[in-house]
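Student: I have a model open and want to learn to read its features. Can we go through them one at a time?

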Amino acid sequence: MTEPKEIATLPPLDLIVPTIPLSEATGQPRRHPVMVVGILFLYAAAVLAMVSAGVAWWHSMDMARFPTATKLIEITAPRPGGWRSIVLVTALALVTVLLVATPSVSGFNAWNGHRWSRIAALVSIPVAALGWFLNPIAWAGVPLCVIGAGILWTQPVGRYFDHWATFRAGEVTLPPEPAPIVYGPLPRYR
């Protein structure tokens, strides 16, 4: 007599297709702590850029300190109040906007689960290098952006982005069931 063999079955559907871990408070995928650390580094770079810009503007207001207010002004040595100094200060304002915006945009969109925020974080690294034109305070933004961007490329953050992609895809909608198919003569021809 042969032993009865166990029938091979598939595991429950939840084990085959894992569910997305949703936050009870928001109903969205749970933020991974590693991703939050990466975002904090990016936001720290943005705050550092604001502080360095504030210091640069503070030094620019004093005519005695204006020639050494920023690295760009030191290099070009414009006459205070002249058209070149106005152009340079405007350029520094635009650089500051870039220094603050790129890590902030990548951090905010990483928080919301957009995978392209990884590329934005990589873009923030060379943009943070523009801090060289401001002052030594802004130079610290480069390693902060490097660390933040590196963290966004880790595996746990990739899974977090996958959860968001699945969450945004929504439920699979099936087409409506067709009406029953009648074989043979139709009732109206009987």
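Student: Where does asparagine 135 lie?

Tutor: This is a predicted model. Asparagine 135 sits in the loop between H5 and H6.

Student: Is asparagine 135 buried or exposed?

Tutor: Compare its relative accessibility with the cut-off: buried means under 20%. Asparagine 135 has 7% relative accessibility, so it counts as buried.

Student: Which residues is asparagine 135 in contact with, leaving aside neighbours within four places in sequence?

Tutor: Ser52, Val55 and Ala56.

Student: What follows asparagine 135 in the chain, and how do I read a surface residue there?

Tutor: Take isoleucine 137, which lies in helix H6, residues 136-139. Partly exposed is the class between under 20% and over 50%. Isoleucine 137 counts as partly exposed because its relative accessibility is 31%.

Student: Which residues form a nonpolar patch on the surface?

Tutor: Val47, Met50, Val51 and Ile137 form one. Together they have about 320 Å² of accessible area. H2 gives the most to the patch, with three residues.

Student: Now the interior. Which residues touch the most other members in the largest nonpolar core?

Tutor: A nonpolar core is joined through side-chain atoms of buried residues. The largest one here has 15 residues, and Ile73, Leu92, Leu99 and Leu134 touch the most other members. Helix H2 (33-61), helix H3 (71-76) and helix H4 (83-111) each supply at least two residues of this core. H4 gives the most, with six residues.

Student: What does leucine 99 touch, not counting residues up to four places away in sequence?

Tutor: Leucine 99 touches Ala46, Ala49, Val127, Ala128, Leu130, Gly131 and Leu134. Apart from the largest core lies another, of eleven residues. Met35, Leu42, Ala121 and Val157 are among them.

Student: On to charges. How many salt bridges does the structure hold?

Tutor: One. It joins the side chains of aspartate 162 and arginine 115, at 2.3 Å from N to O. The cut-off for such a pair is 4 Å, so this one qualifies.

Student: Which parts of the chain does the pair link?

Tutor: Distant parts, with the two residues 47 apart. Aspartate 162 is in helix H8, residues 155-169. Arginine 115 is in the loop between H4 and helix H5 (117-128).

Student: How do I class the accessibility of the two partners?

Tutor: Use the relative accessible area again. Aspartate 162 has 39%, so it is partly exposed. Arginine 115 has 37% relative accessibility and therefore counts as partly exposed.

Definitions and conventions: Residues are numbered from 1 along each chain as its sequence is written. This is a predicted model: local features need pLDDT of at least 70, side-chain atom pairs count only at pLDDT 80 or more; totals for chains, interfaces and linings use all residues. Side-chain values use heavy atoms; hydrogens and water are left out. A nonpolar core is a set of buried Ala, Val, Leu, Ile, Met, Phe, Trp, Tyr and Cys residues joined through side-chain atoms within 4.5 Å. Buried means under 20% relative accessible area, exposed over 50%, partly exposed in between (1.4 Å probe, protein chains only). Helices (H or I, at least four residues) and strands (E, at least two) are DSSP runs, numbered from the N terminus. Contact means heavy atoms within 4.5 Å. Patches are made of residues with over 30% relative accessible area and no salt bridge: like charges are joined within 9 Å, nonpolar side chains (Val, Leu, Ile, Met, Phe, Trp, Tyr) within 5 Å. Accessible areas come from the Shrake-Rupley method with a 1.4 Å probe; for residues, only the protein chains shown count as cover.
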